[in-house]
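Biologist: I would like to take a close look at a single small part of this model and then follow its surroundings outward. Could you walk me through it slowly, explaining each term as you use it?

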Amino acid sequence: MPKENGDSASHHGPFSVASLTLPFKVVFGNVQSWLAGIIGGLLFVPTTIGALVWATAFLHDGQHLSMADAASVASVVPIGWVIGCPLLGYISDKIGRRKPVLIGGALVMLAASLAAVFVPTSIVTRYAVALVLGIASGAAMIPFSMIKEANPSEVKGTAAGVMNFLVFLTTGVMSPFIARLMVPSQGAPLTLADFQHAFLPLVGASFSLSF
């Protein structure tokens with residue numbers, strides 16, 4: 001954190017309900033804030049719901065991997081975040097544009113998601129697809145910059161908090177919907193086709209952002 005050379009009363013407004021709610025009115029009143037939140041949320045759900053919640057069951061029950069292998073493949077996705085988040089952020093800053101990197105990441109996510117769900121591959125290829133999915137999903141962090149850039153500088157902290165709220169609201173809304181699609185008919189075990197059908201909305205999230 002940068003060192004401060006003292007504080008000033010001019011930095012502070014009156015403590016009141018109005019002063020506390022004003023930043024939220026500014027951020028929520030900006031259409032660009034909602035667009036950034038929805039885009040970020042849709043970019044997150046293929047990994048937060050698909051990879052981190054259901055991937056192990058999908059690989060174990062649907063593609064018949066051992067539980068150890070299924071968990072290992074799923075764990076590669078957040079490793080991809082470690083690479084993709086700073087890398088795609090750097091590329092976006094380097095070219096001075098957000099949209100091309102955002103769309104490019106969504107396109108790669110779409111390809112990786114389709115490969116993971118619908119293309120039978122070897123165990124090594126599954127690791128590679130999971131890593132690519134994780135790296136490409138680093139594009140989900142770009143809307144965090146976009147929402148701050150779309151709002152006045154004095155509400156940047158609130159904008160970041162609102163972004164987090166909208167992203168995980170999207171996950172919270174879609175998670176039970178996806179879980180409902182996972183309910184097998186007549187109590188039978190889930191098949192590969194059941195998982196593929198339930199994952200279609202998550203693949204669709206990347207598809208909608210690609211265009």
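Modeller: Let us start from A159, which is found in helix α7 (a helix being a DSSP run of H or I with at least four residues, numbered from the N terminus). Please keep in mind that this is a predicted model, in which local features need pLDDT of at least 70 and side-chain atom pairs count only at pLDDT 80 or more, while totals for chains, interfaces and linings use all residues. Residues are numbered from 1 along each chain as its sequence is written, and side-chain values use heavy atoms, with hydrogens and water left out.

With a relative accessible area of 0%, A159 is buried (buried means under 20% relative accessible area, exposed over 50% and partly exposed in between, with a 1.4 Å probe and protein chains only). If residues up to four places away in sequence are not counted, A159 touches V27, I147, K148 and N151, where contact means heavy atoms within 4.5 Å. Although V27 and A159 are 132 residues apart in sequence, their C-alpha atoms are 6.0 Å apart in space.

From here we can turn to the aromatic rings, where the count comes to six aromatic pairs (rings of Phe, Tyr and Trp, the last by its six-membered ring, pair if their centres lie within 6.5 Å, and planes under 30 degrees apart count as stacked, over 60 as edge-to-face and the rest as tilted). One of these is formed by F28 and F165, an edge-to-face pair with 6.4 Å from centre to centre and 85° between the planes. Because F28 lies in helix α1 (residues 17–28) and F165 in helix α7 (residues 156–181), this pair ties together parts that are 137 residues apart in sequence. Ring pairs also link F28 and F165 with W34 into a cluster. F28 is partly exposed, with a relative accessible area of 27%, and F165 is also partly exposed, at 45%.

A further pair is made by F58 and F199, whose ring centres are 5.3 Å apart and whose planes stand at 75°, so this pair is edge-to-face. Since F58 lies in helix α2 (residues 31–62) and F199 in helix α8 (residues 192–210), the pair ties together parts that are 141 residues apart in sequence. Both F58 and F199 are buried, whereas F28 is partly exposed.

Key. Helices (H or I, at least four residues) and strands (E, at least two) are DSSP runs, numbered from the N terminus.
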